[in-house]
Amino acid sequence: MRPAEEFRYLVLAAQREGNRLLGHALKPLGITTSQAEVIRILHDRQPLTLNGLGKLLVCESGTSPSRLVDRLVAAGAIRRASTESLLAEPVRTARSRGP
C-alpha cells in the first residue's frame, strides 16, 4: 500500500471512531451527530438561512438540510425565527422533554 493510501485509511478510521464516540456521548440528549452539528453551527452563527446553514454543514452533502432542520424544530431544539432564519434553542435532554 502506498503511503498516501495508508494515510487516507487511517484518517477515515479515526473519523469513524470519533463519530462513534460522539454518537454515544449524544445518546442521552436524544440527538444524532448531524443534529448536534446543526445546533452547534446555529449556536455560533445564528441567525442563518436554511441555505446558509447547508453551506456550513459537513454532515450533509446538499445545500438544503430541510428534513434535518424539520426534525430539530419538531423536537424543540431549534426554531424558525421567520420564514428566512433559524435560531438555536437551549438543548434539552431526552429525559427533560418528557414522554
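Biologist: How many helices and strands does the protein have?

Modeller: In this predicted model, the protein has 4 helices and 2 strands. Along the sequence the order is α-α-α-α-β-β.

Biologist: What confidence does the predictor give to the protein, and where is that confidence lowest and highest?

Modeller: The average pLDDT is 84, and 86% of the residues score at least 70. Confidence is lowest in β2, with a mean of 77, and highest in helix α1 (residues 3-26), at 94.

Biologist: Why is Ser-85 called buried?

Modeller: Buried means under 20% relative accessible area. Ser-85 has a relative accessibility of 16%, and therefore counts as buried. Ser-85 lies in the loop between β1 and β2. Beyond residues up to four places away in sequence, Ser-85 touches Pro-47, Leu-48, Thr-49, Arg-79 and Arg-80.

Biologist: Thr-83 is also in the loop between β1 and β2. Why is Thr-83 called buried or exposed?

Modeller: The term exposed requires over 50% relative accessible area. Thr-83 has 80%, so the residue is exposed. The C-alpha atoms of Thr-83 and Thr-49 are 8.7 Å apart in space, although the two residues are 34 apart in sequence.

Biologist: What makes the peptide bond between Gln-46 and Pro-47 worth noting?

Modeller: That bond is cis, with an omega of about -5 degrees. In general, most peptide bonds are trans. Pro-47 is placed in the loop between α2 and α3, and is one of the residues that Ser-85 touches.

Biologist: Which residues of helix α4 are buried, and how do you know that they line one face?

Modeller: Helix α4 covers residues 66-75, and its buried residues are Leu-68, Val-69 and Leu-72. Seen down the axis of α4, these buried residues fall within an arc of 95 degrees, so they line one face of the helix. The face turned away from that buried side carries the exposed residues Arg-67 and Ala-74.

Biologist: What covers the buried residues of α4?

Modeller: The cover includes two helices, α2 (33-45) and α3 (50-56), and two strands, β1 (78-80) and β2 (86-88).

Biologist: What is found just after α4?

Modeller: Gly-76 follows α4 and takes a positive phi of about 80 degrees. As a general point, most residues other than glycine have a negative phi.

Biologist: Where is Ala-77, and why is this residue called buried?

Modeller: Ala-77 is in the loop between α4 and β1. With a relative accessible area of 10%, set against the limit of under 20%, Ala-77 is therefore buried. Not counting residues up to four places away in sequence, Ala-77 touches Ile-39, Leu-72, Ala-88 and Glu-89. As for Glu-89, 12 residues away along the chain, its C-alpha atom is separated from that of Ala-77 by 5.2 Å.

Biologist: What makes Ile-31 a buried residue, and which residues are in contact with Ile-31?

Modeller: The relative accessible area of Ile-31 is 12%; the cut-off is under 20%, so Ile-31 is buried. Ile-31 belongs to the loop between α1 and α2. Leaving aside neighbours within four places in sequence, Ile-31 is in contact with Leu-26, Ala-36 and Ile-39. The C-alpha atoms of Ile-31 and Leu-72 are separated by 8.7 Å, with their positions 41 residues apart along the chain.

Biologist: Why is Val-58 called buried or exposed?

Modeller: Val-58 has a relative accessible area of 72%, which is over 50%, and is therefore exposed. Val-58 is found in the loop between α3 and α4. Val-58 and Val-38 are 20 residues apart in sequence, and their C-alpha atoms are 9.6 Å apart in space.

Biologist: How do you know that the charged end of Arg-8 sits over the ring of Tyr-9?

Modeller: For a charge to sit over a ring, CZ of Arg must be within 6 Å of the ring centre and within 35 degrees of the ring normal. The charged end of Arg-8 sits over the ring of Tyr-9, at 5.3 Å from its centre.

Biologist: How many aromatic pairs are found in the whole structure?

Modeller: A search of the whole structure finds 0 aromatic pairs.

Biologist: What share of the protein counts as buried, and what is its accessible surface?

Modeller: Of the 99 residues, 25% count as buried. The accessible surface is about 7000 Å², and 56% of that surface belongs to carbon and sulfur atoms.

Conventions. Residues numbered from 1 in each chain as written. Predicted model: local features only at pLDDT ≥ 70, side-chain atom pairs only at ≥ 80, totals over all residues. Heavy atoms only, no water. Buried < 20%, exposed > 50% of the residue type's maximum accessible area, 1.4 Å probe, protein only. Arc of directions from axis to C-beta. Contact = heavy atoms within 4.5 Å. pLDDT = per-residue confidence, 0-100. Phe/Tyr/Trp six-rings, centres within 6.5 Å; stacked < 30°, edge-to-face > 60°. Areas by Shrake-Rupley, 256 points an atom, 1.4 Å probe, with all protein chains shown as cover.
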